[in-house]
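Good morning. I will take a few minutes to go through one structure, starting with the whole chain and ending with single side chains.

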Amino acid sequence: MDQLLNDFSPGLFFMLLIILLVLIFLMVKFAWKPIMNSLNEREDGIKSALEEAENARKEMQNLHADNERLLQEARAERDAMLKEAREIKEKIVADAKEQSIIEGDKLIAQAKATIDSEKKAAVADIKNQVANLSVQIAEKVIKEQLSNNDKQLKLVEDMVGDIKLN
């Protein structure tokens with residue numbers, strides 16, 4: 001350190017100081033503004049990029065929210081359509097059951113009417129046959145009665161025997 005103080009030259013010091021001040025002045029005059037401008041431009045570019053990134057993030061959030069809302073609406077619409085389809089299916093099934101019950105009742109009523117008419121026809125036919133047999137028996141009894149009492153009894157017994165066999 002002593003040697004530095006011994007070698008110190010005030011003229012050289014002032015010269016270097018003047019050169020340093022001129023250099024600082026030249027840098028401030030010519031280089032400082034362009035350097036600061038480019039630094040400011042870079043800072044503005046970074047700020048705008050950050051703002052654009054923030055805007056893009058917000059836009060993505062908005063799109064995500066819109067997509068979620070649309071998805072919810074689509075789910076709700078799908079659920080409504082499925083519910084409506086189930087209701088329509090149930091109505092169709094109920095209508096078909098009701099229609100089949102009505103048709104079944106009609107068929108049963110027709111069958112009962114047919115059975116009743118067939119029964120009435122059979123009863124009428126049996127009555128006609130009984131009436132014919134009764135008339136035939138009465139004719140034979142009257143013919144035999146006119147001829148003989150013993151024969152009349154025998155004929156009635158034979159007739160009764162025939163009726164029991166049939």
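**Partly exposed pairs along a helix**

Let me start with one residue, lysine 47. Its relative accessibility is 44%, so lysine 47 counts as partly exposed. We will come back to its partner shortly.

Before that, please keep in mind that this is a predicted model.

Now the overall layout. The chain has three helices and zero strands. Read from the N terminus, the order of elements is α-α-α. Helix 2 covers residues 10–147.

What box do the C-alpha atoms fill along the principal axes? The answer is roughly 195 × 35 × 10 Å. The radius of gyration tells a related story: the chain has 64 Å, whereas a compact globule of 166 residues would have a value near 15 Å.

What share of the 166 residues is buried? The figure is 2%. The accessible surface of the chain is about 15,200 Å², and carbon and sulfur atoms account for 63% of that.

Next, charge. There are 24 positive and 30 negative side chains in the chain. The centres of these two sets lie 8 Å apart.

Some of the charged side chains pair up. How many salt bridges does the structure hold? It holds six. I will go through three of them one by one, and then a network.

Back to lysine 47. Its salt bridge is with glutamate 43, and the closest N and O atoms are 3.4 Å apart. Both residues lie in helix 2, four residues apart, which is about one turn of the helix. Glutamate 43 has a relative accessible area of 39%, so it is partly exposed as well.

The second pair is glutamate 54 and arginine 57. Their side chains meet in a salt bridge, with 2.2 Å from N to O. How far apart are glutamate 54 and arginine 57 in helix 2? They are three residues apart, so about one helical turn separates them. Glutamate 54 is at 30% relative accessibility and therefore counts as partly exposed. Arginine 57, at 39%, also counts as partly exposed.

The third pair is aspartate 95 and lysine 91. The closest N and O atoms of this salt bridge are 3.1 Å apart. These two residues are four apart in helix 2, so again the separation is about one helical turn. Is lysine 91 buried or exposed? Lysine 91 is exposed, because its relative accessible area is 53% and the cut-off for exposed is over 50%. Aspartate 95, with 36%, is partly exposed.

Then there is the network. Asp66, Arg69 and Glu73 are linked to one another by salt bridges.

Last, the aromatic rings. The count comes to one aromatic pair. Which rings form it, and how are they arranged? They are the rings of phenylalanine 13 and phenylalanine 14, with centres 5.7 Å apart and planes at 70°, so the pair is edge-to-face. The reason for that label is that planes over 60 degrees apart count as edge-to-face. Phenylalanine 13 is at 42% relative accessibility and counts as partly exposed. Phenylalanine 14, at 49%, also counts as partly exposed.

To sum up, we have a predicted model of a chain with three helices, six salt bridges and one aromatic pair. Buried residues come to 2% of the chain. That is the end of my part.

Terms used:
Residues are numbered from 1 along each chain as its sequence is written. This is a predicted model: local features need pLDDT of at least 70, side-chain atom pairs count only at pLDDT 80 or more; totals for chains, interfaces and linings use all residues. Side-chain values use heavy atoms; hydrogens and water are left out. A salt bridge is a side-chain nitrogen of Lys or Arg within 4 Å of a carboxyl oxygen of Asp or Glu. Buried means under 20% relative accessible area, exposed over 50%, partly exposed in between (1.4 Å probe, protein chains only). The radius of gyration is taken over C-alpha atoms; the globule rule is 2.2 Å times the number of residues to the power 0.38. Accessible areas come from the Shrake-Rupley method with a 1.4 Å probe; for residues, only the protein chains shown count as cover. Lys and Arg count as positive and Asp and Glu as negative; His and the chain ends are not counted. The place of a charge is taken as NZ of Lys, CZ of Arg, CG of Asp or CD of Glu. Rings of Phe, Tyr and Trp (its six-membered ring) pair if their centres lie within 6.5 Å; planes under 30 degrees apart count as stacked, over 60 as edge-to-face and the rest as tilted.
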